[in-house]
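Q: Before we look at single residues, could you show me how to read a sheet, its core and its unusual backbone angles?

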Amino acid sequence: MSTAHEIASPRVSALDRLASVASMGVPRPWAADPYSEALVTGRGPLFLRRADGWLLPLEVERWCARADAVDMDVLEHCEGAVLDVGCGPGRLVAELAARGRRVLGVDVSEAAVARTVRLGGQALQRSVFEPLPAEGRWDTVLLIDGNIGIGGDPTALLRRMSQLLSQKGLLIAETVPDSEVDERVTVHVVSITAGAHGTAGPPFPWARLGTSALLRLATRAGWRPERQWTSGGRSFVALRNRRDRSRSTTAEPPNSTAVIKSQRDRNASPDRVVAEL
């Protein structure tokens with residue numbers, strides 16, 4: 001199991017820097033308007049905007065709806081206890097919970113976590129780069145709806161996913177349909193309506209990866225590619241963790257109330273547990 005000490009060590013300094021930003025008074029992306037407003041209403045239009053003006057539509061209505069057929073297919077691949085990183089308004093967490101599965105959503109957005117809880121899921125408001133419950137014990141981690149872009153450094157994110165997963169745990173990531181896309185950008189979440197300039201949230205680093213690009217990074221990082229598929233115009237990759245657990249120590253099982261409380265007590269940043277597990 002990866003400990004809080006390991007997360008803060010020099011060999012994961014990229015994660016350290018991201019965690020520091022999350023705990024300083026710097027506005028968190030996805031944690032303030034216009035994203036929060038869109039989640040409250042369940043409607044867009046909402047976009048990621050690059051510095052050059054390019055806009056990527058965000059599918060707010062789909063995220064706020066029930067899990068669809070493509071989502072259901074993804075969930076069929078999940079094993080054991082599931083951690084949904086960047087869970088958004090919680091459709092996947094809620095669906096897994098309704099099936100009686102052990103599942104936790106994690107998101108920096110208070111509005112997203114609150115909506116997840118209202119749907120019957122369990123969720124924690126925290127950055128994935130901060131200490132999380134049951135590190136090293138999750139059977140499946142999800143990075144859906146473009147969340148492979150979190151932090152703008154896919155290599156650092158893959159390293160963090162390896163820390164969260166069990167030794168042979170499964171990572172399921174959604175990729176860009178264009179298999180060769182591999183970009184690191186700075187973006188804003190913006191809301192643009194007809195005849196208006198729109199409002200923008202704070203800038204933050206983001207990444208976009210197609211399947212081929214992700215597989216190249218993951219293979220170099222020691223992951224074992226297990227499956228790739230497309231469904232409903234969306235693309236996915238399943239990767240098997242190969243983390244060496246020889247240095248691991250005992251950890252509480254996923255979805256343990258004791259783990260949530262101990263992690264919260266150790267963490268000095270203003271995290272909020274919205275649902276006790």
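A: We can start from one pair: L83 stands opposite V141 in β6. The model is predicted, and the values below are computed from it.

Q: Which strand does β3 comprise by residue number, and which of its residues face each side?

A: In a regular strand the side chains alternate between the two faces of the sheet. Strand β3 covers residues 82-85, with V82 and D84 on one side and L83 and V85 on the other. Both faces are covered, as these four residues are all buried.

Q: How many bridges join β3 to β4, and how many join β3 to β6?

A: Strand β4 (residues 103-107) runs parallel to β3 and is joined to it by 4 bridges. Strand β6 (residues 138-143) also runs parallel to β3, with 3 bridges. D84 shows both pairings: its bridge partner in β4 is G105, and its bridge partner in β6 is L142.

Q: What connects β3 to β4 along the chain?

A: Helix α6 (residues 91-98) lies in that unit, and β3, α6 and β4 together make a right-handed β-α-β unit.

Q: Why is β6 described as largely enclosed?

A: The reading comes from counting buried residues. In β6, 5 of the 6 residues are buried, so the strand is largely enclosed by the rest of the structure.

Q: Which strand is joined to β6 by 5 bridges?

A: That is β7 (residues 165-175), which runs parallel to β6. Across this pairing, V141 stands opposite L171. The chain passes from β6 through α8 to β7 in a right-handed β-α-β crossover.

Q: Which residues touch the most other members of the largest nonpolar core?

A: Here one looks for members with many neighbours inside the core. The largest nonpolar core has 47 residues, and those touching the most other members are L83, V128, V141, L143, M161 and L171. Helix α9 (residues 211-220) gives the most to this core, with 5 residues. A second, separate core of 18 residues includes C78, V93, L142 and W229.

Q: What does L83 touch, leaving out residues up to four places away in sequence?

A: The list for L83 is L104, V106, L132, W138, T140, V141, L142 and L164. Of these, V141 is also the residue opposite L83 in β6.

Q: How many cavities of 30 Å³ or more does the structure hold, and which residues line the second largest cavity?

A: There are 2 cavities of 30 Å³ or more. The second largest has a volume of about 30 Å³. Its lining consists of D84, G86, C87, R91, L92, I144, D145 and N147. D84 has already appeared as a residue of β3.

Q: Where is A134, and what is its phi?

A: For backbone angles, look for a positive phi in a residue that is not glycine. A134 has phi near 55° and sits in the loop between β5 (123-125) and β6. A134 is buried, with a relative accessible area of 4%.

Q: Is D145, with its positive phi, buried or exposed?

A: D145 is not a glycine, and its phi is about 60°. The residue lies in the loop between β6 and α8 (154-164). With a relative accessible area of 19%, D145 counts as buried, since the cut-off is under 20%.

Q: Which residues does the cis peptide bond join?

A: The omega angle is the value to read. The cis bond joins G44 and P45, with omega about 5°. P45 lies in the loop between α3 (35-41) and β1 (46-50).

How values were computed: Residues numbered from 1 in each chain as written. Predicted model: local features only at pLDDT ≥ 70, side-chain atom pairs only at ≥ 80, totals over all residues. Heavy atoms only, no water. Buried < 20%, exposed > 50% of the residue type's maximum accessible area, 1.4 Å probe, protein only. Helix = DSSP H or I, 4+ residues; strand = E, 2+ residues; numbered from the N terminus. Pairing = 2+ DSSP bridges. Right-handed = clockwise from strand over helix to strand, strands pointing away. Core = buried A, V, L, I, M, F, W, Y, C linked by side-chain atoms within 4.5 Å. Contact = heavy atoms within 4.5 Å. 1 Å grid on protein atoms, 1.4 Å probe; cavity = no way out; pocket = protein on both sides within 12 Å on 5 of 7 lines; lining within 4 Å. Points joined across faces, edges and corners; volume = space filled by probe spheres on them.
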